[in-house]
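Subject: Structure handover

Hi,

Here is the structure I promised to pass on to you. Have a look at it first, and then read on for what turned up in it.

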Amino acid sequence: MQEVKWGEYKLGELFEINPTKYYRLQNEEIISKNGTVPLVSNSSTDNGVMGFSNLKPTNKGNTITCSDTTLGAETMYYQKNDFIGYSHIQHLIPKFEPFNWAIASVIISACKISTSNKYDYGNKFNREAMRNTLIQLPTKNGKIDFDFMEEFIAELEAERIAELEAYLSATGLQDYTLTKEEQKALEEFESLKWDTFNLEKLFGKSTRGRRLKSADRISGDLPFVTAGETDTGISDFIGNKVIVFSDNTTTIDMFGSAKYRNYKYGGDDHIAVVHTENLSKYASIFVTSAIHKSSYNGQFNYGRNFYAKDADELNIMLPTDGKNPNYKTMETLISAI
């Protein structure tokens, strides 16, 4: 990368900054489930897009938007497509060419650096503040170096893509093309036949873990599962001699929360283990989801714990071939997902 020279530019000299044009309608009158036109709001996520509409766009794309109610440029986003505006959203239309996502990315980053910690709830980043914001941009021969900005972003993108491809290859996740069987399973999902099945009849009696106080635990490599959502319920790694449960099984904690385990583990007395180890991995994951849907509905809490006996009595809904659970279909669906 070449040595970079920097110049200072005022945002109002680079962009026309005015309020976006918007419909004076309620959100529910604008947003549609099958809409395609973005509605850009004051949201700090999803590029500010609140939803999509079937109404005509009111503002041109290949521009930038920013809320004037925030504490800086954290809601400044590039808008690729024509969009519908919203109250308190400013529209930054470039006075220069070329302009695209790469150039916008550099300018937005520069704005975030320039406005960091400069504004508060009594001093908002309004339109006038935007116009007067000074930013640092790459410069060549006294002019903004747009070529450098595009090349820099392209190099960053290529670097990130290379890292992602290496990761996907190393983890075996690079195969993302659906087989004909997987595609068919997804297409036929709505027409699946379902039936109710009892857990004990499917997998035998569930097993309850045994209490192991924190003070008695010896440091080791075995995951020890307790109740809770943090770290999927793994509270410690132990070296104690305890019952070791098989991988490819399902745990249900005292609140009814079910989790698939693809590793060997120990469990305390607030854990019930459903013995799905004879199923394929993907079928076991499907069954775990079905268990969670049935058991985690608020019926279990500190006053009414979920135990192994509750697992034995639990009924779940599964796809059926007319008589038995259709594990092949479950496996294909999870493989596709």
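A definition to start with: the axes below are lines fitted to C-alpha atoms, for helices over the stretch in contact, and angles run from 0 to 180 degrees between N-to-C directions. Please keep in mind that this is a predicted model.

Let me begin with helix α8, residues 281-295, which packs against helix α10, residues 327-336. Their axes are 7 Å apart and make an angle of about 90°. Angles of 65 to 115 degrees count as roughly perpendicular, and so α8 is roughly perpendicular to α10. On the α8 side, the contact is made by Tyr 282, Ala 283, Ile 285, Phe 286 and Val 287. The α10 side brings in Tyr 327, Met 330, Glu 331, Leu 333, Ile 334 and Ser 335. Sorted by class, that contact has nine nonpolar residues, one polar and one charged.

What about the length of α8? With 15 residues at 1.5 Å each, α8 should span 21 Å, and its end C-alpha atoms are indeed 21 Å apart, which agrees. The buried residues of α8 include Ala 283, Phe 286 and Val 287, each of which also takes part in the contact with α10. Ser 284, Thr 288, Ala 290, Ile 291 and Ser 295 are buried as well.

Ser 295 deserves a closer look. Its relative accessible area is 0%, so Ser 295 counts as buried. Leaving aside neighbours within four places in sequence, Ser 295 is in contact with Ile 252, Phe 255, Gly 256, Phe 300, Phe 306 and Leu 314.

A second helix pair is α3 (residues 101-115) with α5 (residues 146-171), whose axes come within 8 Å and cross at roughly 95°. These two helices are therefore roughly perpendicular to each other. From α3, the residues Trp 101, Ala 102, Ile 103, Ser 105, Val 106 and Ile 107 meet Phe 146, Met 149, Glu 150, Ile 153 and Glu 157 of α5. This contact divides into eight nonpolar, one polar and two charged residues.

Finally, the strands. An open sheet of three strands runs in the order β1-β8-β9, with antiparallel pairing. Both β1 (6-10) and β9 (143-144) stand at the edges with a single partner strand each, so one side of each has no neighbour in the sheet. Between β1 and β8 (residues 134-140) there are five bridges, and Tyr 9 has Ile 135 as its bridge partner in β8.

Happy browsing, and best wishes

Conventions
Residues numbered from 1 in each chain as written. Predicted model: local features only at pLDDT ≥ 70, side-chain atom pairs only at ≥ 80, totals over all residues. Heavy atoms only, no water. Helix = DSSP H or I, 4+ residues; strand = E, 2+ residues; numbered from the N terminus. Parallel < 35°, antiparallel > 145°, perpendicular 65-115°, else oblique. Contact = heavy atoms within 4.5 Å. Nonpolar A, V, L, I, M, F, W, Y, C, P; charged D, E, K, R; others polar. Pairing = 2+ DSSP bridges. Expected span 1.5 Å × (residues − 1). Buried < 20%, exposed > 50% of the residue type's maximum accessible area, 1.4 Å probe, protein only.
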